[in-house]
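Colleague: Could you take me through one part of this model in detail? I would like a close look, with the cut-offs spelled out.

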Amino acid sequence: MSAHYPTKEEAAVVAAAEKLMVETMARYDPSHDAYHVQRVRKTALQFARTVSATLPDDKKPDFLTVELAALLHDVLDKKYVSAEEAADPYAFFLPFFEKAASESGLDLVQDGRARTIARIVDNVSWSTEKKRLTAGQIEDWHRQCVELHCVQDADRLDAIGAFGVLRCAAYSAATNRSLHVPKDDPAYDSSAFAHFHDKLLHIREHLKTEFGKKLAEKRHQLMVDFLSAVDEEYDVRL
C-alpha cells in the first residue's frame with residue numbers, strides 16, 4: 001500500500017465512514033454485521049495493494065475509494081432496507097460526504113470519488129450483477145473498475161469457506177430458514193442447503209482478481225467437503 005496512505009485527511013474520512021457503518025450494521029443480524037464488513041475491508045485493501053504492484057501508475061486503484069466502498073458496501077443492503085432507500089446510494093451518502101468534507105477538508109464530492117464509491121456500493125451485490133448481466137446492462141466500467149473488483153471479490157470471498165458456512169447458518173436462523181431439507185421435499189429450494197448449490201458453489205467462477213481466484217480454491221473445497229459431510233450424516237448407514 002502506498003507509503004502515503006492514509007493521509008491525515010483520508011484517515012478522518014475513513015474513521016467517519018467506519019462510525020456510520022458500525023452504527024448501521026448494529027441493526028442487522030450476525031451474517032451482515034460490522035465484523036463481516038471489517039473482513040471485507042481488510043481483504044479489499046489487500047487486493048488493492050496486490051493489484052497495484054502489477055499496474056502502471058495511471059491504472060492503479062485508489063486506496064481511499066476501495067476502503068470507503070468496502071466500509072459502506074452493506075449499509076444499504078436490500079435485505080435490510082427498503083427498495084426506496086437503496087435506489088440511489090449517491091443521494092443517500094451525499095450528506096455523509098458533504099459533512100466529511102467540511103470536517104476533514106477532503107472533498108470527495110468535488111473530486112468525483114464520492115460518486116464512484118456510491119456506484120461501487122450499488123454494484124457489489126451478486127444478485128445485482130446477475131440481474132444486470134441478464135438484462136445486458138454490464139458496461140465497460142463494470143469490466144474495468146479495479147476498485148469495484150477488489151471490493152466485490154473481498155465480499156464474495158467472505159460468503160464462501162468457513163466464514164461462508166457460518167454466515168449462511170446465521171442468516172438462515174435470523175430469517176427462520178431451514179438449514180437442511182431433503183432434496184425430494186418441496187421446501188428444499190428455500191433451505192440453506194439449497195443456497196449453497198444455487199449460489200455459494202458458483203462464486204469461485206465469477207471472481208475477477210487473480211488473488212481472489214487463488215484464495216477461493218481452498219474456500220470452495222471446504223464447502224464441498226462440508227456439504228459432503230452433511231450428506232453423509234443425513235444418509236446414515238450402519
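Modeller: **A close look at helix 1**

Over residues 29-169 the chain is 67% helix and 0% strand, with end C-alpha atoms 11 Å apart. Helices (H or I, at least four residues) and strands (E, at least two) are DSSP runs, numbered from the N terminus. UniProt, in an unreviewed entry, lists that stretch as "domain: HD/PDEase"; its positions follow the numbering used here, feature names are shortened, and annotations may be inferred rather than shown by experiment. Please bear in mind that this is a predicted model, where local features need pLDDT of at least 70, side-chain atom pairs count only at pLDDT 80 or more, and totals for chains, interfaces and linings use all residues. Residues are numbered from 1 along each chain as its sequence is written, and side-chain values use heavy atoms, leaving out hydrogens and water.

Now to helix 1, residues 8-25: its 18 residues should span 26 Å at 1.5 Å a residue, and the end C-alpha atoms are indeed 26 Å apart. The expected span is 1.5 Å times one less than the number of residues. Glu10, Val13, Val14, Ala17, Met21, Thr24 and Met25 are the buried residues of helix 1 (buried is under 20% relative accessible area, exposed over 50%, partly exposed in between, with a 1.4 Å probe and protein chains only). They lie on the same side of helix 1, because they cover an arc of only 100° around the axis, taken from the directions from the helix axis to the C-beta atoms. An α-helix has 3.6 residues a turn, so residues three or four places apart point the same way. The face turned away from the buried side of helix 1 carries the exposed Lys8 and Lys19. The buried residues of helix 1 pack against helix 2, helix 3 (63-72), helix 5 (89-104) and helix 6 (113-123), where contact means heavy atoms within 4.5 Å.
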